[in-house]
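Please work through the exercises below with the sequence and the 3D structure open beside you. Each exercise sets a task and is followed by a solution in steps.

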Amino acid sequence: MLATALSATLVGLQAHLVRVEVEGRRGPPFFELVGLAEAAVRESRVRVKSALAQCGLFLWECQVIVNLAPADVKKTGSGFDLAIAAAAAGALGVVPPAALQGTLFIGELSLEGTVQPLRGVLPQLLGGRARGVKRAVVPRANAAEAALVEGVDVRTVGSLDELLQALRGGPELPVAVAPAEVVPLPGTLDDLSEVRGQAGARRALEIAAAGGHNLLMIGPPGAGKTMLARRLPGLLPPLAREEALEVTAIHSVAGLLSSSRLSRERPFRAPHHTVSEVGLVGGGDGPRPGEVSLAHHGVLFLDELAEFRRAALEALRQPLEDGMVTISRAYAKTTFPARLLLVCAMNPCPCGWMGDGTRRCGCSTERVRAYRAKMSGPLLDRIDVHVVLPPVEVSALQGSARGEASALVRTRVERAREVQRLRVGRGEASAPTNASLPPRDLERVAVLCADGARLLAAAVERLALSARAYGKVLRVARTIADLEDSTAVRPAHVAEAIGLRVLDRGSLAAAA
Ligand SMILES: Nc1ncnc2c1ncn2[C@@H]1O[C@H](COP(=O)(O)OP(=O)(O)O)[C@@H](O)[C@H]1O
Ligand SMILES: [Mg+2]
């Protein structure tokens with residue numbers, strides 16, 4: 001008899017539906033699996049045979065041919081086990097084949113027939129829903145993420161035996177229930193009010209958050225660079241539900257779902273400086289998303305920037321430019337989204353004390369030059385805002401004066417983002433911020449008055465700004481104007497934006 005069951009496979013975040021066709025009959029043992037399956041899928045035979053035997057169906061008395069269709073989609077992973085076992089049971093008359101119709105089966109089997117959790121269940125269900133799937137069966141351990149998908153009747157299963165009984169008309173499988181969503185509560189995140197002094201850096205952080213500008217902080221150890229970076233996600237508006245689903249889907253594919261609940265908190269990723277190129281941008285087996293994609297819709301923080309491998313930093317270029325990562329493989333091209341805010345921190349020199357009035361810097365000119373060279377070029381080109389942090393003054397640490405709280409700054413950031421959304425005429429949350437506005441739109445929205453134009457022209461001359469840096473000053477000036485709710489970009493906005501191009505002003509020591 002022939003029976004079919006529906007399953008799915010992932011290419012990046014993209015789900016492809018796979019039809020599992022099984023032809024089975026009693027006879028001398030034979031088990032064949034065809035249809036562009038990689039090694040992990042072929043091993044499915046062993047697991048399915050053993051799991052079915054636990055349910056009293058012995059394949060060594062049967063002939064089974066499994067075809068995975070369409071043949072031109074590469075099948076990866078171990079998630080087909082459940083569909084293959086269910087279709088085999090249908091083909092051998094153990095369950096009615098009609099009971100399998102219209103249901104998406106995702107799950108790996110153990111030899112004793114338990115259903116194991118999998119990576120990527122959420123994006124598979126989202127893909128299935130987009131293709132009209134109305135009903136799905138997933139591993140019980142994946143229930144929470146599966147329940148996030150609205151509009152699909154998702155059931156969970158703990159063992160193959162439980163599934164076969166349900167298909168035979170036994171007890172129905174339980175519905176996957178969504179746990180409460182986590183919306184960040186005020187005061188639960190690290191708050192900006194804990195940062196003393198550093199008015200310049202706080203301002204730069206607010207501008208970066210408002211316009212989506214990548215940021216570089218330069219300052220001696222202990223100035224508060226790491227502290228400030230960690231507080232950036234709290235200055236951004238919480239994720240919209242669709243964005244949160246996208247973020248959760250990426251973490252699901254990476255096998256990194258930290259909580260079973262949908263989080264509206266922006267991701268914050270701070271990879272160690274020893275991270276590899278693949279770790280940073282993605283790749284390897286699967287392929288898996290890298291840090292840039294795990295930071296999608298959130299913040300990627302590169303602390304001690306000069307310590308990172310040059311190759312890793314070079315690899316950041318394409319994702320920063322395109323807002324996504326493309327990984328090419330022999331059989332397929334995979335893309336992962338990567339729209340993030342990049343924050344980098346570094347010391348002014350290897351020892352960290354250059355330009356500090358109280359301590360002597362022991363670095364040779366050569367070492368300082370080599371250290372700074374790391375920062376030059378392509379990566380720097382993609383950072384709009386640079387800020388130098390002085391050492392924190394003791395008086396600021398001891399004083400009772402507190403800075404503004406994150407919530408207050410966030411209301412201004414949200415307002416400025418709203419202004420940008422309305423201006424580009426797109427209501428959705430994913431409308432480009434000033435930092436990612438196409439150049440021709442930038443010209444349209446950041447028209448300078450005569451004084452502003454003169455000021456910028458003088459800066460170009462004096463600082464020898466490149467055309468790219470010129471555009472960045474305009475973008476940042478636009479954001480500063482938006483924070484003030486000013487339609488016009490005024491000379492004062494331009495002046496402040498020029499002040500945030502520290503690295504174009506030559507010596508860091510002079511700037512500090
Ligand atoms: N501006 C500041 N306000 C309050 N505490 C600070 C500040 N800067 C540094 N600190 C204290 O020093 C510690 C180290 O700061 P950190 O952010 O790691 O500095 P950096 O990254 O610049 O080396 C912080 O955990 C905090 O306790
Ligand atoms: Mg630090």
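**Exercise 1. Decide whether Glu-304 is buried, partly exposed or exposed, and describe its backbone.**

Solution. In this predicted model, Glu-304 has a relative accessible area of 33%. Since buried means under 20% and exposed means over 50%, with partly exposed in between, Glu-304 counts as partly exposed because its value is 33%. To place the residue, look at the loop between strand E14 (299–302) and helix H12 (310–315), where Glu-304 is found. Its backbone deserves a separate check, for Glu-304 has a positive phi of about 55° although it is not a glycine.

**Exercise 2. Carry out the analysis for Ala-464, and state in which loop it is found.**

Solution. Begin with the position: Ala-464 is in the loop that runs between helix H19 (450–463) and helix H20 (467–483). Next take the backbone, where Ala-464, which is not a glycine, has a positive phi of about 50°. Finally apply the cut-off of over 50% for an exposed residue; Ala-464 is therefore exposed, as its relative accessible area is 65%.

**Exercise 3. Find where the cis peptide bond from Ala-69 to Pro-70 lies.**

Solution. The peptide bond that leads from Ala-69 to Pro-70 has an omega near 0°, and is cis. Pro-70 itself belongs to the loop between strand E4 (62–69) and helix H3 (81–91).

**Exercise 4. Lys-472 and Arg-231 carry charged side chains; determine for each whether it is buried or exposed, and list what it touches.**

Solution. Start with Lys-472, which has its place in helix H20. With a relative accessible area of 10%, Lys-472 is buried. If residues up to four places away in sequence are not counted, Lys-472 touches Asp-381, Arg-382, Ile-383, Asp-384 and Arg-501.

Turn then to Arg-231, found in the loop between H8 and helix H9 (241–253). Its relative accessible area is 6%, so Arg-231 is buried. When its neighbours within four places in sequence are left aside, the contacts of Arg-231 are Asp-190, Asp-191, Leu-192, Glu-194 and Val-195.

**Exercise 5. Describe the surroundings of Leu-52, and say how far it is in space from Asp-161.**

Solution. Leu-52 is part of helix H2 (residues 44–54). Because its relative accessibility is 0%, Leu-52 counts as buried. Beyond its neighbours within four places in sequence, Leu-52 is in contact with Leu-57, Leu-59, Ala-85, Ala-88, Leu-160 and Leu-164. As for Asp-161, the C-alpha to C-alpha separation from Leu-52 is 8.2 Å, although the two residues are 109 apart in sequence.

**Exercise 6. How many of the residues of helix H4 are buried, and which are they?**

Solution. Helix H4 covers residues 121–130, and 8 of its 10 residues are buried, which leaves the helix mostly covered. The buried residues are Val-121, Leu-122, Pro-123, Gln-124, Leu-125, Leu-126, Gly-127 and Gly-128. Following the chain just past H4, one reaches Gly-132, which takes a positive phi of about 90°.

**Exercise 7. Identify the residues that come nearest to ligand 1, and trace the polar atoms that face its oxygen atoms.**

Solution. There are 14 residues around ligand 1, and those that come nearest are Arg-196, Gly-222, Lys-225, Thr-226 and Met-227. Helix H8 (residues 225–230) supplies the largest share of the shell, 3 residues. For the polar atoms, take the backbone before the side chain: a polar backbone atom of Gly-224 is 3.0 Å from an oxygen atom of ligand 1, and a polar backbone atom of Met-227 is 2.9 Å from an oxygen atom of the ligand. In the side chain of Thr-226, an N or O atom is 2.7 Å from an oxygen atom of ligand 1. Taken alone, ligand 1 exposes 550 Å², of which the protein buries 66%.

**Exercise 8. Characterise the protein chain as a whole, including its helices and strands.**

Solution. First count the elements, which are 22 helices and 18 strands. Then take the extent of the C-alpha trace, which spans about 85 × 45 × 45 Å along its principal axes. Buried residues account for 50% of the 512 residues in the chain. Of the contacts between residues at least 6 apart in sequence, 73% join residues at least 24 apart. The accessible surface comes to about 22000 Å², with 53% of it belonging to carbon and sulfur atoms. Lastly, the mean positions of the 61 positive and 52 negative charges are 2 Å apart.

Conventions:
Residues are numbered from 1 along each chain as its sequence is written. Chains are lettered from A and ligands numbered from 1 in the order in which they are written. This is a predicted model: local features need pLDDT of at least 70, side-chain atom pairs count only at pLDDT 80 or more; totals for chains, interfaces and linings use all residues. Side-chain values use heavy atoms; hydrogens and water are left out. Buried means under 20% relative accessible area, exposed over 50%, partly exposed in between (1.4 Å probe, protein chains only). Helices (H or I, at least four residues) and strands (E, at least two) are DSSP runs, numbered from the N terminus. Contact means heavy atoms within 4.5 Å. Accessible areas come from the Shrake-Rupley method with a 1.4 Å probe; for residues, only the protein chains shown count as cover. Lys and Arg count as positive and Asp and Glu as negative; His and the chain ends are not counted. The place of a charge is taken as NZ of Lys, CZ of Arg, CG of Asp or CD of Glu. A residue is near a molecule or strand if one of its heavy atoms lies within 4 Å of it. A polar contact is a pair of N or O atoms within 3.5 Å; within protein, one must be able to donate a hydrogen and the other to accept it, and residues adjacent in sequence count only if both atoms are side-chain atoms.
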